[in-house]
Amino acid sequence: MFKSKKVIVSGASGFIGQHLIPILLKDGYEVLAISRSQKRAESLPWFKDVKFISYDFHSDVQITETEVEGFRGLIHLAWQELPNYDSSIHVKKNLPRSYKFIESLLNKGINQVLVAGTCFEYGLKSGAISPSSTTEPTTLYATAKDTLRKKLSLLSLNKDFNLQWARIFYMFGKGQNSNSIISQLDFAIKNKQKVFHMSGGEQLRDYLPVEKAAEKLSYLYKSGNQGIFNICSGKPISIRNLVESYIEENNSNIIPKYGYYPYSVYEPMQFWGIQNI
């Protein structure tokens with residue numbers, strides 16, 4: 001029932017989506033790619049191999065039943081206003097619009113839904129975090145994601161669909177937001193800057209290359225397993241080591257200046273995921 005080979009991917013041209021779609025295509029899936037920007041989607045190598053709809057899930061216009069006819073799965077990656085984690089848009093727009101978007105597709109025959117959640121749903125917990133840990137979000141972004149999960153869980157009691165919730169930890173790679181630490185470091189290296197300003201770097205985090213994260217999401221979707229899952233490496237690494245390793249791999253002489261920025265107030269100093277996928 002739940003393992004359809006025809007899947008819709010929202011946020012298709014985003015950081016994760018652009019890496020996930022080639023994996024799905026290679027595995028024989030027919031993909032309906034949804035993105036706000038057709039121009040951006042057209043720049044990606046898989047564009048001619050998918051069915052494409054230019055659509056903003058914040059729009060009042062709904063996707064028609066004809067456009068999604070035959071598709072039975074949804075991987076919902078679309079989410080706006082990142083990395084501004086305390087923007088009111090997360091609660092006021094992303095949350096209700098995502099719920100409405102997903103519910104409308106369920107009414108059109110979708111029976112499997114995989115949603116990208118976030119490790120920030122766990123709040124300020126420290127150490128190794130299990131998928132069964134309680135959620136204590138401290139940002140509007142995490143609150144919106146956690147609330148969406150709860151609303152969809154309630155909906156699944158009345159509608160027969162398979163709900164998969166993927167809490168994604170930290171990622172790096174091609175296409176990531178320019179505000180991420182690796183993007184900033186890469187920019188500094190390419191512009192031959194002598195110093196890279198950063199925090200003290202002692203935070204322990206859980207990082208995955210985005211390609212690996214996409215592989216895990218693909219595996220999770222294909223498994224059909226219901227529940228909550230951590231998309232993570234399961235191996236903590238300090239930001240200091242991450243930065244120094246990247247500098248070494250790129251044969252750069254840039255010097256990290258530790259302690260230039262304060263530590264984040266919305267993240268614990270040490271946390272990483274316990275894998276269950």
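**Helix packing and loop residues in a predicted model**

The side chain of Gln203 reaches the side chain of Ser199 through a polar contact of 3.1 Å. This pair is a handy starting point for a walk through the structure, which is a predicted model. Gln203 belongs to the loop that joins strand 9 (195-197) to strand 10 (204-209). Is Gln203 buried or exposed? Its relative accessibility is 9%, and since buried means under 20%, Gln203 counts as buried. Setting aside residues up to four places away in sequence, Gln203 touches Ile237, Ser238, Ile239, Tyr263 and Met269.

A second buried loop residue is Tyr55, with a relative accessibility of 14%. Tyr55 sits between strand 3 (51-54) and strand 4 (73-76). A polar atom of the Tyr55 side chain lies 2.7 Å from the backbone oxygen of Val61. Val61 also appears among the contacts of Tyr55 once neighbours within four places in sequence are left aside; the full set is Ile34, Ser35, Arg36, Val61, Gln62, Ile63 and Phe101. Leu20, by comparison, is 35 residues from Tyr55 in sequence, and their C-alpha atoms are 19 Å apart in space.

Leu20 leads on to the helices, as it is one of the helix 1 residues that meet helix 6. Helix 1 (residues 17-26) and helix 6 (residues 210-223) have axes 9 Å apart and pack at an angle of about 50°. That angle makes helix 1 oblique to helix 6. The crossing of these two helices is right-handed. On the helix 1 side, the contact involves His19, Leu20, Ile23 and Leu24, which meet Val210, Glu211, Ala214, Glu215, Leu217 and Ser218 of helix 6. Sorted by class, this contact has 6 nonpolar, 2 polar and 2 charged residues.

Helix 3 (residues 89-106) and helix 4 (residues 140-155) form another pair, with axes that come within 9 Å and cross at roughly 25°. How are helix 3 and helix 4 oriented to each other? Angles under 35 degrees count as roughly parallel, and helix 3 and helix 4 are therefore roughly parallel to each other. Their crossing is right-handed. Helix 3 contributes His90, Val91, Leu95, Ser98, Tyr99, Ile102, Glu103 and Leu106, while helix 4 contributes Leu140, Tyr141, Ala144, Thr147, Leu148, Lys151, Leu152 and Leu155. By class, the contact between helix 3 and helix 4 has 11 nonpolar, 3 polar and 2 charged residues.

The backbone offers some details to look for as well. Most residues other than glycine have a negative phi, and most peptide bonds are trans. Against that background, the peptide bond from Leu82 to Pro83 is cis, with omega near 10°. Pro83 is located in the loop between strand 4 and helix 3, and Glu81 has its place in the loop between strand 4 and helix 3 too. Glu81 is not a glycine, yet it has a positive phi of about 75°. With a relative accessible area of 35%, Glu81 is partly exposed.

Lys192 also has a positive phi, of about 55°, although it is not a glycine. This lysine is found in the loop between helix 5 (181-190) and strand 9. Is Lys192 buried or exposed? Exposed means over 50% relative accessible area, so Lys192, at 74%, counts as exposed.

Notes
Residues numbered from 1 in each chain as written. Predicted model: local features only at pLDDT ≥ 70, side-chain atom pairs only at ≥ 80, totals over all residues. Heavy atoms only, no water. Helix = DSSP H or I, 4+ residues; strand = E, 2+ residues; numbered from the N terminus. Buried < 20%, exposed > 50% of the residue type's maximum accessible area, 1.4 Å probe, protein only. Polar contact = N/O pair within 3.5 Å; in protein donor to acceptor, adjacent residues only side chain to side chain. Contact = heavy atoms within 4.5 Å. Axes fitted to C-alpha atoms, helices over the stretch in contact; angles between N-to-C directions. Parallel < 35°, antiparallel > 145°, perpendicular 65-115°, else oblique. Left-handed = near helix turned anticlockwise from the far one by under 90°. Nonpolar A, V, L, I, M, F, W, Y, C, P; charged D, E, K, R; others polar.
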